[in-house]
Amino acid sequence: MAAGPVRITSAAHRILKLARELGGAHGRKKRGLVLLEGLRAVEAAIAAGGEAVLVTPKILAGPRGREVVAACTAHGVPVYEVDEALFRAVSIVEAPQGIALLAPPPRAGLAAALGGAFVLVADRIQDPGNLGALFRSARAFGVDAVVTTAGTVEAANPKAARAAAGAWPGLPVCEGVAAAPLARELGQGGRRVLVADAGGARDFREPLWRGRVALVLGNEGAGADPGFAAAGAIRVRIPLAASVESLNVTAAAAILLAEAARQRGGHSGNIR
């Protein structure tokens, strides 16, 4: 019979100290861990293991919470029970559910990320909420991996994690790649590179999305790095009413990725 959660009653406990460290970028980098909060995020990430999971009595009282805690135990992750006040002291969200996993972030090397047929590039996206929303759309529409360029906000930023709504765990992310060499590498190996651009020459509904594809979504104000176009990327546009200049990057991403999913139909392989 599996042992129950270890109860923590002091804010000085090493696990709570570690959790507080993960509230800042320096702590996340130093420890190589992130704090993933909420049932959905923990469910998605637990298969990869973790340092610990924190839960409150409220979580343990519910059937779904008990299932998630059992899964944590099955994967060898220690479970610690804390009261609501101690949990709020380490939480990085405004309305915590009462469960948090201290886990390694789902990062990937560039070679592994580019091994997928459908790759999303977030180029110098600076708003963490926007980046998190991109992760959510990427998972929803079948993206294999996300690559971020240098200058993009940290994927583990708490606001990005919240906006991802549990979609980041399980989605390989390669961070901080220089745009120029990435642009050159993406164009190799028969991959079609598409750049979202309100002034693009090609309509996004054209048959562009089958096979090995990379979609580049640029900075909220400046757009994509010119190195992508210089390396032969195709600029695609979403037709808009004359009174609207452009869409928010997250809205554009959802539209483009939905069309990609429709055309791909779950297929990959050589470009046609």
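The buried residues of helix α1 pack against α2, β2, β3, β4, α6 (84-90) and β5, and that makes a good place to enter this predicted model. Which residues of α1 are buried? I15, L16, L18 and A19 are. They lie on the same side of α1, because the arc they cover around the axis is only 160 degrees.

From the helix, let us step to the sheet. Five strands form an open sheet in the order β1-β4-β3-β5-β2, and their pairing is mixed. Which strands stand at the edges? They are β1 and β2 (34-37); each has a single partner strand, so one side of each is left without a neighbour in the sheet. As a reminder, strands of a sheet pair through backbone hydrogen bonds, and they can do this in a parallel or an antiparallel way. Here, β2 runs antiparallel to strand β5 (residues 99-103), and four bridges join the two. If you would like one contact to look up, take L36, whose bridge partner in β5 is L101.

Now place the helices on this sheet. Helix α1 (residues 14-21) packs on it and touches β2, β3 (52-55), β4 and β5. The direction of α1 makes about 95 degrees with that of β3. Helix α5 (residues 63-74) packs on the sheet too, touching β3, β4 and β5. For α5 the angle is taken with β4, and it comes to about 135 degrees.

With the backbone in view, we can turn to charged side chains. In general, side chains of opposite charge can pair when their charged atoms come close. How many salt bridges does the structure hold? There are 10, and three of them are worth a visit here.

Start back at the sheet, where the side chains of R7 and E81 meet in a salt bridge with an N to O distance of 3.4 Å. This pair links distant parts of the chain: R7 belongs to strand β1 (residues 6-7) and E81 to strand β4 (residues 79-81), 74 residues apart. Are the two partners buried or exposed? R7 counts as partly exposed because its relative accessibility is 46%. E81 has a relative accessibility of 16%, so it counts as buried, the cut-off for that class being under 20%.

A second salt bridge joins the side chains of E154 and R28, with N to O at 2.7 Å. Distant parts of the chain are linked again: E154 sits in the loop between β7 (145-149) and α9 (158-164), R28 in helix α2 (residues 25-31), and their positions lie 126 residues apart. E154 is at 21% relative accessibility and therefore counts as partly exposed. R28, at 6%, counts as buried.

The last stop is R124, in the loop between β6 (118-122) and α8 (128-140). R124 forms a salt bridge with D123, and their closest N and O atoms are 3.3 Å apart. What is the relative accessible area of R124? It is 23%, so R124 is partly exposed, whereas D123 counts as buried because its relative accessibility is 0%. The backbone of R124 deserves a look as well: its phi is near 55 degrees, a positive value in a residue other than glycine. For context, most residues other than glycine have a negative phi.

Methods
Residues numbered from 1 in each chain as written. Predicted model: local features only at pLDDT ≥ 70, side-chain atom pairs only at ≥ 80, totals over all residues. Heavy atoms only, no water. Salt bridge = Lys/Arg side-chain N within 4 Å of Asp/Glu carboxyl O. Buried < 20%, exposed > 50% of the residue type's maximum accessible area, 1.4 Å probe, protein only. Pairing = 2+ DSSP bridges. Contact = heavy atoms within 4.5 Å. Axes fitted to C-alpha atoms, helices over the stretch in contact; angles between N-to-C directions. Arc of directions from axis to C-beta.
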